[in-house]
Amino acid sequence: LAGRHARWFTVSPRELAAAERWFRRWGGPAVCLGRALPGIRGVICIPAGLARMPPLAFGLWSTLGAALWTGLMMAAGYALKARYVEVQHWLNPVADGFLAISLITYLVRVAAYRPRRRRERADS
């Protein structure tokens with residue numbers, strides 16, 4: 001799938017293989033951290049599935065990360081109390097900026113994509 005649609009996925013088969021090797025090494029901590037990060041928490045299951053992470057390990061690491069996220073949000077809510085509206089004024093532009101940077105990065109990768117020659121593809 002990555003080979004046929006590399007331009008739109010912006011991931012070549014070689015990059016996908018490298019990412020899979022990395023995930024096999026760091027998968028547990030990556031799932032834990034991914035569950036604690038907005039924007040990543042909903043898609044961390046994709047690389048876990050591609051790397052065939054055992055469901056029990058995924059569940060445990062995922063639960064740990066979700067508990068970390070929930071604990072951080074509870075602590076922030078307790079610390080901010082009614083002042084959370086003030087934080088919203090600077091947090092929303094940061095989130096919008098992150099989204100804009102992510103979209104621009106994706107579009108640049110799609111536009112700059114250059115397919116490899118057939119012989120080079122066969123070697124990977």
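**Notes on an all-helix model, starting from R21**

1. At 57% relative accessibility, R21 counts as exposed; the cut-offs are under 20% relative accessible area for buried, over 50% for exposed and partly exposed in between, with a 1.4 Å probe and protein chains only. R21 lies in helix 2, which covers residues 13-35. Its C-alpha atom is 8.1 Å from that of A51, although 30 residues of chain separate the two.

2. A word on ground rules before going further. This is a predicted model, where local features need pLDDT of at least 70, side-chain atom pairs count only at pLDDT 80 or more, and totals for chains, interfaces and linings use all residues. Residues are numbered from 1 along each chain as its sequence is written, and side-chain values use heavy atoms, with hydrogens and water left out.

3. How far can you trust the coordinates? The average pLDDT of the protein chain is 83, and 89% of the residues score at least 70; pLDDT is the predictor's confidence in each residue, from 0 to 100. Confidence peaks in helix 4 (residues 55-80), with a mean of 92, and bottoms out in helix 6 (residues 118-123), with a mean of 51. Where pLDDT is low, the predicted coordinates should not be read in detail.

4. On the fold: the protein chain has 6 helices and 0 strands, so the pattern along the sequence reads α-α-α-α-α-α. Helices here are DSSP runs (H or I, at least four residues; strands would be E, at least two), numbered from the N terminus.

5. Some bulk numbers. Of the 124 residues in the protein chain, 18% count as buried. Its accessible surface is about 9,700 Å², and carbon and sulfur atoms account for 69% of that; areas come from the Shrake-Rupley method with a 1.4 Å probe, and for residues only the protein chains shown count as cover. If you take contacts (heavy atoms within 4.5 Å) between residues at least 6 apart in sequence, 60% join residues at least 24 apart.

6. The residue I'd open up in the viewer is R35, which also lies in helix 2. R35 is buried yet has no salt bridge, and the nearest side chain of opposite charge, that of E20, is 18 Å away. For that charge tally, Lys and Arg are positive, Asp and Glu are negative, and His and the chain ends are not counted.

7. What does R35 have around it instead? Beyond its neighbours within four places in sequence, R35 is in contact with R41, I44, F58, S62, G65, A66 and W69. A polar atom of its side chain lies 2.5 Å from the backbone oxygen of R41, and a polar contact of 2.6 Å joins the side chains of R35 and S62. Polar contact here means a pair of N or O atoms within 3.5 Å; within protein, one must be able to donate a hydrogen and the other to accept it, and residues adjacent in sequence count only if both atoms are side-chain atoms.

8. Two of those R35 partners sit in helix 4: S62 and F58. S62 is buried, at 11% relative accessible area, and touches V31 and R35 once residues up to four places away are set aside. F58 counts as buried too, at 18%. With neighbours within four places left out, F58 contacts V31, R35, C45, A48 and M53. The C-alpha atoms of F58 and I44, 14 residues apart along the chain, are 10.0 Å apart.

9. Also in helix 4 is L64, which is partly exposed at 47% relative accessible area. Its C-alpha atom is 9.1 Å from that of V31, a residue 33 places away along the chain.

10. How many salt bridges turn up in the whole structure? A search finds 1, taking a salt bridge as a side-chain nitrogen of Lys or Arg within 4 Å of a carboxyl oxygen of Asp or Glu. E20 and R24 form a salt bridge, with their closest N and O atoms 2.7 Å apart. The two are separated by about one helical turn because they are 4 residues apart in helix 2. E20 counts as partly exposed, at 28% relative accessibility.

11. Last, a backbone item. R52 has a phi near 55°, a positive value in a residue other than glycine. R52 lies in the loop between helix 3 (45-50) and helix 4 and is exposed, at 68% relative accessible area.
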